[in-house]
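Work through the exercises below with the sequence and the model open. Each task is followed by a solution in steps.

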Amino acid sequence: MQQKSYPERKFWAQFDALQMGSGWDDIDITKPQILVESVYGDSHPGSVHLNQLMEQVNIGVYESGAKPARFYTTDICDGCAQGHNGMNYILASREAIANMVEIHGNMCSWDGMVLSSSCDKSIPAHLKAIARLNIPAIFVPGGAMRTGPNYTTSIVAGDISLREKRDGAITEREVMDYKLTGCPSVGACSFLGTASTMQCMAEALGLALPGTALAPATMRDILQYSRQAGRKIVELAEKEIAPDKILTFEAFKNAIIIHSAIGGSTNAMIHFPSIARELGIEIAPELFDEINHKVPHIGNIYPSGSHVAECFWFAGGIPMVQLMLKDMLNLDVLTVSGKTLGDNLEELQENNWFERNLGYLANYGLKREDVIIPVEKVKEIGSVAVLKGNIAPEGSVVKYSACGENQREVVNAKARVFNSEEDAYNAVVQSKINPGDVVIIRYEGPRGCGMPEMLATTEAICCDERINGSVSLITDGRFSGGTRGAAIGHVSPEAASGGPIAFIEEGDLVSYSVANRTINMTGIHGKPCTAEEAAEELKKRSVRGVIPRQPRKGFYKIYTEYARSGMEGGGLE
């Protein structure tokens, strides 16, 4: 196999000299070259261990006769960005990371590429870059964090943080005990948040090797998978299996089916359209809705269920879900194994993969059916819905699997309106929100301030016994994958773009229905009216215009001026 960069080396001798000056020898420069990039760094537990995985990838590449080249673009963490301006950069960081990988990927003609990350925006950034560069590529998931005390996850932070702000509600010892145990290992947070969801989606799309998503980050298996990825990328390069042969419309449809079945984060509904657009594929929001009308919700995984991410992997993970739903999937799609999805499942069965880890699950006193519910026992169909109406003409999303039956339909609830999450959060903490209210948070979309997640506020609501289970939240921002309760996000058009949500006023009445897929303003200043009358009132109010944004600079300015709507994926135009 002749390296793709051979003509470039013949043109400019300094290329080889520079690599040899970096420690390569005269044999290395003749081998196929593999870009090995991760978001390794000290940013958070999902990234700090990736150098170990990449070392295994490097060994696998060497074993297969190629030369790896290490590159890094460290990501940032939603959890560290809570409550300050850093949260406004989180979604924008997806674009920045994808752009940096694109830059690295065009430094020379690489023969192949292995990318690794664990978390919310770095995974979709890597998937976008894979699609954009369209050279043979494999994604290596960074795995799942171990479980916290008493079978908890790091999201206990919501309760801890709320009580810290209320006099006498918590002791310093309780706070420190959480800090010492909330994140007990490296890896992605152990609930099915966006990080865990996107690991699963990378595998469901066929870009990660079978069974790799959410492998416990501290177990030997994840190192073996990384070594295998290093070997396999050389094979893909030799066979010239590029991402456009894997990332087909059928692959995206398969992944959306899996997303529905496991109760994945609503952020996947931002990421999928943005990834697909890199290859000229359109993923309309309606496709999610169509699929969620049909697919059984079989993943009993927190926050839509009871169990943690590593237990999902022990129970069989994504391959088990694919096996159980194989009649709904296209099994002929190609994957980075070099084989079809159907072939992968057969091979895993032959290798006893589905049974091998059940003993680990037994350590928790669990059986497979406790974590992945048999289809015949499922009580719920789907997990997310797209709602439209005079508040959200282009759509909004809700993860109904994470809220109670009583909150899946709300009629003429009083709107409590806030122009920032900070103001809404403070109102919840200060007990100014009443049972039955609908909290409206706007100017939080991509062009408003970068589309931050509303986890602090949703957790404050869910941890307050006075209002939990009765207060809904509607926003043009987005949510953490760990969000619980009635949370409707991605409202489009957003407020900053003149969307109707900008003109709802305190005391207006709001109604929504998951069953009917509707969301409307249905009352003016407390007086009920038809949805059509409310739409006309919103149109009249729109004459006054939207609140001007504060001056911005740098990449943040670029992102908030050119980002697409949340329903279109929030990517740069």
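**Exercise 1.** Which residue in β8 stands opposite A415?

Solution. This is a predicted model, in which local features need pLDDT of at least 70, side-chain atom pairs count only at pLDDT 80 or more, and totals for chains, interfaces and linings use all residues. Residues are numbered from 1 along each chain as its sequence is written, and side-chain values use heavy atoms, with hydrogens and water left out.

Step 1. Strands (E, at least two residues) and helices (H or I, at least four) are DSSP runs numbered from the N terminus. Two strands pair if DSSP finds at least two bridges between them.

Step 2. Strand β7 covers residues 409-418, and β8 covers residues 438-441. Four bridges join β7 and β8 in the parallel sense.

Step 3. Within this pairing, V438 of β8 is opposite A415.

**Exercise 2.** Place β7 in its sheet and find the edge strands.

Solution. Step 1. The sheet is open, has nine strands and mixed pairing, and follows the order β5-β6-β10-β9-β8-β7-β11-β12-β13.

Step 2. Its edges are β5 (385-387) and β13 (527-528), each pairing on one side only.

Step 3. β7 also pairs with β11 (residues 509-513), antiparallel, over four bridges; here K414 has L509 as its bridge partner.

Step 4. At the β13 edge, β12 (residues 518-524) pairs antiparallel with β13 over two bridges, and I524 is opposite K527.

**Exercise 3.** Describe the four-stranded sheet and the helices lying across it.

Solution. Step 1. The order of this open sheet is β2-β1-β3-β4, and the pairing is parallel. Its edge strands are β2 (67-72) and β4 (137-141). From one strand to the next, the twist averages 20°.

Step 2. Strands β1 (residues 33-38) and β3 (residues 112-117) run parallel and are joined by five bridges, with V36 opposite V114.

Step 3. Angles run from 0 to 180 degrees between N-to-C directions of axes fitted to C-alpha atoms, for helices over the stretch in contact; contact means heavy atoms within 4.5 Å.

Step 4. Helix α4 (residues 90-105) lies across β1, β2 and β3 at about 160° to β1. Helix α9 (residues 220-239) lies across β1, β3 and β4, at about 175° to β4.

**Exercise 4.** Characterise the whole chain.

Solution. Step 1. The chain has 23 helices and 13 strands.

Step 2. Buried residues (under 20% relative accessible area, 1.4 Å probe, protein chains only) make up 61% of the 573 residues.

Step 3. Of the contacts between residues at least 6 apart in sequence, 75% join residues at least 24 apart.

Key: Buried < 20%, exposed > 50% of the residue type's maximum accessible area, 1.4 Å probe, protein only.
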